[in-house]
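Please look at the structure shown below and keep it beside you while reading. The paragraphs that follow begin with the whole chain and then move to single residues.

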Amino acid sequence: MASTFFTWMRSPAAREYFFSTHFWGPVANWGLPLAALADLRKDEEYISGTMTTALACYSLVFMRFAWRVIPRNYLLFACHATNASAQTIQDARFVNYWYMGGKDKSAAAGEPKGKVLEAVEAAREEAKKVGEAK
């Protein structure tokens, strides 16, 4: 098996593959799923539901493209399958935090508020002060 792979690596077909967009397009595209995987550790407060959904749909479309193109582009398919999975998990985290009570649960558990919520509360306080001054 290994000798077959190394024989192929020395062939013109391998050079043609490695110097094509069929290879370099997916390699360059791996930045999206890697960033999405890194974002899985971030606070749910910072997730953009709109962008996450758009990226998941984008990857689903390109998964279909990678499967339907002749010859099939398995590297592109794997890239977008990874991204679609990560974005779907992010979407679930977003919905849980903002719409299913996750924000309230984290506040009840005594977790510190995120910077966005602190900024919103500070802006509300300032608005009250301005309203009272008039």
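In this predicted model, 71% of the contacts in the chain with a separation of 6 or more are made by residues that stand 24 or more positions apart. The chain has 8 helices and 0 strands, and when its elements are read from the N terminus on, they run α-α-α-α-α-α-α-α. Of the 134 residues in the chain, 25% are buried. The chain exposes about 9600 Å², and carbon and sulfur atoms supply 66% of that area.

A good place to begin with the separate elements is helix H6, which covers residues 74–99. How far apart should the ends of H6 be, given its 26 residues? At 1.5 Å a residue the helix should span 38 Å, and its end C-alpha atoms are 36 Å apart, which agrees with the expected value. Several residues of H6 are buried, including Leu76, Cys79, His80, Ala84, Phe94 and Tyr97. Just after this helix the chain reaches Gly101, which takes a positive phi of about 90°. For comparison, most residues other than glycine have a negative phi, and most peptide bonds are trans.

The second part of that general remark leads to the loop between H5 and H6, where Pro71 has its place. The bond that joins Ile70 and Pro71 is a cis peptide bond, with an omega of about -5°.

On either side of this loop there are aromatic residues to compare, and a search of the whole structure finds 6 aromatic pairs. One of them is formed by Trp67 and Tyr74, whose rings are 6.1 Å apart, centre to centre, with 75° between the planes, so that the pair is edge-to-face, a term used for angles over 60 degrees. Trp67 is partly exposed, with a relative accessible area of 37%, whereas Tyr74, at 53% relative accessibility, counts as exposed. Trp67 also forms an aromatic pair with Phe77, and here the arrangement is tilted, with 5.5 Å from centre to centre and 55° between the planes. This pair links distant parts of the chain, for Trp67 lies in helix H5 and Phe77 in helix H6, 10 residues apart. Phe77 is partly exposed, with a relative accessible area of 26%.

Further aromatic residues can be found by turning to the surface, where Leu32, Tyr58, Val61, Phe62 and Phe65 make a nonpolar patch of about 420 Å². Which helix gives the largest share of this nonpolar patch? The answer is H5, from which 4 residues of the patch come. Phe62 lies in that helix, H5, and is partly exposed, with a relative accessible area of 32%. Tyr58, Phe62 and Phe65 are, in addition, linked by ring pairs into a cluster.

Charged side chains complete the tour, and a search of the whole structure finds 3 salt bridges. In one of them Arg93 is joined to Glu44, and the closest N and O atoms are 3.7 Å apart. Why can this pair be said to tie together separate parts of the chain? Arg93 lies in helix H6, while Glu44 belongs to the loop between helix H4 (31–39) and helix H5 (49–68), so the salt bridge ties together parts that are 49 residues apart in sequence. The two partners also differ in their cover, because Arg93, at 17% relative accessibility, is under the 20% limit and counts as buried, whereas Glu44, at 24% relative accessibility, counts as partly exposed.

Another salt bridge is formed by Lys42 with Asp39, where the closest N and O atoms are 3.3 Å apart. Asp39 is partly exposed, with a relative accessible area of 29%. There is also a salt bridge in which the side chains of Glu126 and Lys129 meet, at 3.7 Å from N to O. Glu126 and Lys129 both lie in helix H8, which covers residues 115–133, and they are 3 residues apart, about one turn of the helix. Glu126 is partly exposed, at 46% relative accessibility.

Note on methods:
Residues numbered from 1 in each chain as written. Predicted model: local features only at pLDDT ≥ 70, side-chain atom pairs only at ≥ 80, totals over all residues. Heavy atoms only, no water. Salt bridge = Lys/Arg side-chain N within 4 Å of Asp/Glu carboxyl O. Buried < 20%, exposed > 50% of the residue type's maximum accessible area, 1.4 Å probe, protein only. Helix = DSSP H or I, 4+ residues; strand = E, 2+ residues; numbered from the N terminus. Expected span 1.5 Å × (residues − 1). Contact = heavy atoms within 4.5 Å. Areas by Shrake-Rupley, 256 points an atom, 1.4 Å probe, with all protein chains shown as cover. Patch = residues over 30% accessible without salt bridge, like charges linked within 9 Å, V, L, I, M, F, W, Y side chains within 5 Å. Phe/Tyr/Trp six-rings, centres within 6.5 Å; stacked < 30°, edge-to-face > 60°.
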